[in-house]
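The exercises below are meant to be worked with the sequence and the model side by side. Try each task before reading its solution.

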Amino acid sequence: MRQEIERAAAAFRSDPANDDSPATLRVPVPVEPVNPLDWLQRQSLLPGLFWCQRDATWEMAGVGAAEQFTLDRPVDLESAILRVRNAVEPGPDSLRYFGGCRFDYTREDAERNSVWEGFPDCWFVLPRFELLRYRDQCLLVTNIRDDELAEQHLNRIQERLSELDFSGSLNQSRSPDFTLVRHTPDFHDWAGGVDAALALIQSEQFQKTVLARQTDLRLSEDILPWQLLSAIPGTESGYYRFGIQHRCGKTYLGASPERLYLRKGAAIETEALAGSRPRGSTEERDRQLRIELQESDKERMEQEYVRDFI
């Protein structure tokens, strides 16, 4: 990998096309197939990042930061997106920044949830190293900014590269026991929230509302955060799986079956999903359930709410 970086850096420096605007050098090298989450659990370099497509045909495990930026309150999302776009557009098509805004970034300090303490209000990062899996092939990619092409910078990058751990698969330990399970709100307050929501809908102040609760779990022993995502089989889940392990020591994980939107240039694709039915035991039963779902006034109304909101 060291030789590939040196050759790529020399070619990048000698290309006049790279003199006009800032750009990023990506150096991909094929590696032996490895499970990206297993690989990520073995790394000590932070931040750690993970993304897996819904069909599990593409995964990215990243560590370190070739570049990152944060925005503090008041966060201007348009400015944040523009900053990412300006960083990505001069680079290769495969260049990707990962990040976003914490859920309570618009709230005043007194209203903020301590769970998010340490996370920036808005944060985007270009991983220093990316392990990419395309089906059965793996690439290790090193991202290098154009102002890091001097020898001293390349030496530091190569030192970090030598610290990456490519040893074998992890031996998964047994799952720890729960020593605490706490729901907020509890069942009594949850039932009260349901009654209040129904009253508001009946009085036509609301058309639809979605209640949520927070569940706190305490485990009998420490667990690696990426081990939780490993418990969701990527090839069978039908979920987008993702995670951000920040330098503050906290990790944000998620698994969603839906994508809010996909933007390609001036085009936006979105998924307005609402309503569901179980699968039938036969093709005929599947057909009956599909018709039932399509002809349900309740389900069609809920679908319209979601579509109009998006």
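**Exercise 1.** In this predicted model, take the open sheet of 3 strands and work out in which order its strands lie and which of them stand at the edges.

*Solution.* The 3 strands lie in the order β4-β6-β5, and their pairing is antiparallel. Reading that order from its ends gives β4 (67-71) and β5 (98-101) as the edge strands, each of which pairs on one side only. Direction ignored, neighbouring strands of this sheet are turned against each other by 5 degrees on average. For the pairing of β5 with β6 (residues 122-126), look for 4 bridges between these antiparallel strands; as a landmark, Gly 100 stands opposite Trp 123 in β6. To finish, find helix α3 (residues 77-88), which lies across β4, β5 and β6 and runs at about 170 degrees to β4.

**Exercise 2.** Trace the open sheet of 7 strands and explain why β1 and β12 are each left with one side that has no neighbour in the sheet.

*Solution.* Begin with the order of the strands, which is β1-β8-β7-β3-β2-β11-β12, with antiparallel pairing. Because β1 (24-31) and β12 (251-256) stand at the edges, each has a single partner strand, and so one side of each remains without a neighbour in the sheet. From one strand to the next, the twist averages 15 degrees. Within the order, β2 (residues 48-52) and β11 (residues 240-245) form an antiparallel pair over 5 bridges, where Gly 48 stands opposite Gln 245 in β11.

**Exercise 3.** Describe the surroundings of β7: which strands does β7 pair with, and how many of its 6 residues are buried?

*Solution.* Take the pairing with β3 (residues 58-63) as the starting point: β3 and β7 are antiparallel and share 6 bridges, and Leu 132 in β7 is the bridge partner of Met 60. Next comes β8, which also pairs with β7 in the antiparallel sense over 6 bridges, with Phe 129 standing opposite Thr 142 in β8. The strands β7 and β8 form a hairpin with 2 residues between them, and in the turn Arg 135 has a positive phi of about 55 degrees. As for burial, 5 of the 6 residues of β7 are buried, so that the strand is mostly covered. Helix α4 (residues 151-162) lies across β7 (129-134) and β8 (137-145), and its direction is at about 150 degrees to β8.

**Exercise 4.** Compare the reach of α4 with its expected span, and find where its buried residues lie around the axis.

*Solution.* With 12 residues, α4 reaches 16 Å from its first C-alpha to its last, which is close to the 16 Å expected at 1.5 Å a residue. The buried residues of α4 are Leu 154, Ile 157, Gln 158 and Leu 161. These residues cover an arc of only 100 degrees around the axis, which puts them on the same side of α4. The general background is that an α-helix has 3.6 residues a turn, so residues three or four places apart point the same way.

**Exercise 5.** Apply the reasoning about span to helix α5, and then look at what follows just after α5.

*Solution.* Helix α5 (residues 187-202) has 16 residues, which should span 22 Å at 1.5 Å a residue; the end C-alpha atoms are 23 Å apart, which agrees. Just after α5, Glu 204 takes a positive phi of about 65 degrees.

**Exercise 6.** Find how many aromatic pairs the structure holds, and which residues form one aromatic cluster.

*Solution.* The structure holds 10 aromatic pairs. One cluster is formed by Trp 51, Phe 103, Trp 116, Phe 119, Tyr 240, Phe 242 and Tyr 252.

Notes. Residues are numbered from 1 along each chain as its sequence is written. This is a predicted model: local features need pLDDT of at least 70, side-chain atom pairs count only at pLDDT 80 or more; totals for chains, interfaces and linings use all residues. Side-chain values use heavy atoms; hydrogens and water are left out. Two strands pair if DSSP finds at least two bridges between them. Axes are lines fitted to C-alpha atoms, for helices over the stretch in contact, and angles run from 0 to 180 degrees between N-to-C directions. Contact means heavy atoms within 4.5 Å. Rings of Phe, Tyr and Trp (its six-membered ring) pair if their centres lie within 6.5 Å; planes under 30 degrees apart count as stacked, over 60 as edge-to-face and the rest as tilted. The expected span of a helix is 1.5 Å times one less than its number of residues. Buried means under 20% relative accessible area, exposed over 50%, partly exposed in between (1.4 Å probe, protein chains only). The arc is that of the directions from the helix axis to the C-beta atoms.
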